[in-house]
Amino acid sequence: MKLVIADDHAVVRSGFSMILNYQSDMEVVATAADGIEAYAMVGKHKPDVLLLDLSMPPGESGLIATGKISEDYPETKILILTMYDDEEYLFHVLKNGASGYILKNAPDEELVSAIRTVYSGGTYIHPKMATSLVKEFVKNDGAAGTDDPFKILSKRELEILPLVAKGYGNKEIAEKLYISVKTVEAHKAKIMEKLSLKSRPELVEYALKKKLLNF
């Protein structure tokens, strides 16, 4: 299977490449340092699986890249790599189209197993997180109308919210997401309405609380 690794640390890309190229059924065909480069490498190589770091400052975040890649290249399975042992991160990457979620400090054999799982069409969730995810879906019955309004944001709104909180202007957001300024403005208004926020400072405070500035 063809793999692409996207991580902002060269040593991580190199280390994972060595581990995976050692497997008889795997080949790392490209690496990327941020979400924009990851998107380009997926478009060029059409890998079976993309290993994608969730947080890649200052480039485009893994959350945004996940949404774009899953929409434009649905045949590529996305396995999220992260240091964040947090069910909220899990919820959002799965909602954005990822097929799996694994911690960077997981054993080598677990990483290899996770890649094979998503390649074969399954979903891999780090064991520590699986129970939390099941409880969350049982609690909310898989519905959008939950007690936490954060969980009713659309994929695009989840992409825009952290960018607004980080101080990007409408034009910059539009260019990053390849949408119009008017579309950005409409989504921002919808985010404020859904989250019952009245000002940008409130939005920034909310983003900090939900750890969105890590994206």
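## Cores and a buried helix

The protein chain has 10 helices and 6 strands, and what you are looking at is a predicted model. Half of the chain is tucked away: of its 215 residues, 50% count as buried. The accessible surface of the protein chain comes to about 10,200 Å², with 54% of that area belonging to carbon and sulfur atoms. As for contacts between residues at least 6 apart in sequence, 63% join residues at least 24 apart.

Let's step inside. The largest nonpolar core has 23 residues, and those with the most contacts inside it are Ala6, Leu50, Leu52, Ile69, Ile78, Ile80 and Val93. Helices and strands both contribute here; each element in this table supplies at least two residues of the core.

| Element | Residues |
|---|---|
| Strand S1 | 2-6 |
| Strand S2 | 27-32 |
| Helix H2 | 35-45 |
| Strand S3 | 49-53 |
| Helix H3 | 62-72 |
| Strand S4 | 77-82 |
| Helix H4 | 87-95 |
| Strand S5 | 100-103 |

A second, separate core of 21 residues includes Val164, Ile173, Ile191 and Ala207.

Back in the largest core, helix H3 deserves a visit. Because 9 of its 11 residues are buried, H3 is largely enclosed by the rest of the structure. The buried residues of H3 are Gly62, Leu63, Ile64, Ala65, Thr66, Gly67, Lys68, Ile69 and Ser70, so polar names such as Lys68 appear in this list alongside Ile69.

Which residues does Ile69 touch, not counting residues up to four places away in sequence? Its partners are Ala38, Tyr39, Val42, Leu50, Pro74 and Ile78. Two of these partners, Leu50 and Ile78, are also named with Ile69 among the residues with the most contacts inside the largest core.

Note on methods:
Residues are numbered from 1 along each chain as its sequence is written. This is a predicted model: local features need pLDDT of at least 70, side-chain atom pairs count only at pLDDT 80 or more; totals for chains, interfaces and linings use all residues. Side-chain values use heavy atoms; hydrogens and water are left out. A nonpolar core is a set of buried Ala, Val, Leu, Ile, Met, Phe, Trp, Tyr and Cys residues joined through side-chain atoms within 4.5 Å. Buried means under 20% relative accessible area, exposed over 50%, partly exposed in between (1.4 Å probe, protein chains only). Helices (H or I, at least four residues) and strands (E, at least two) are DSSP runs, numbered from the N terminus. Contact means heavy atoms within 4.5 Å. Accessible areas come from the Shrake-Rupley method with a 1.4 Å probe; for residues, only the protein chains shown count as cover.
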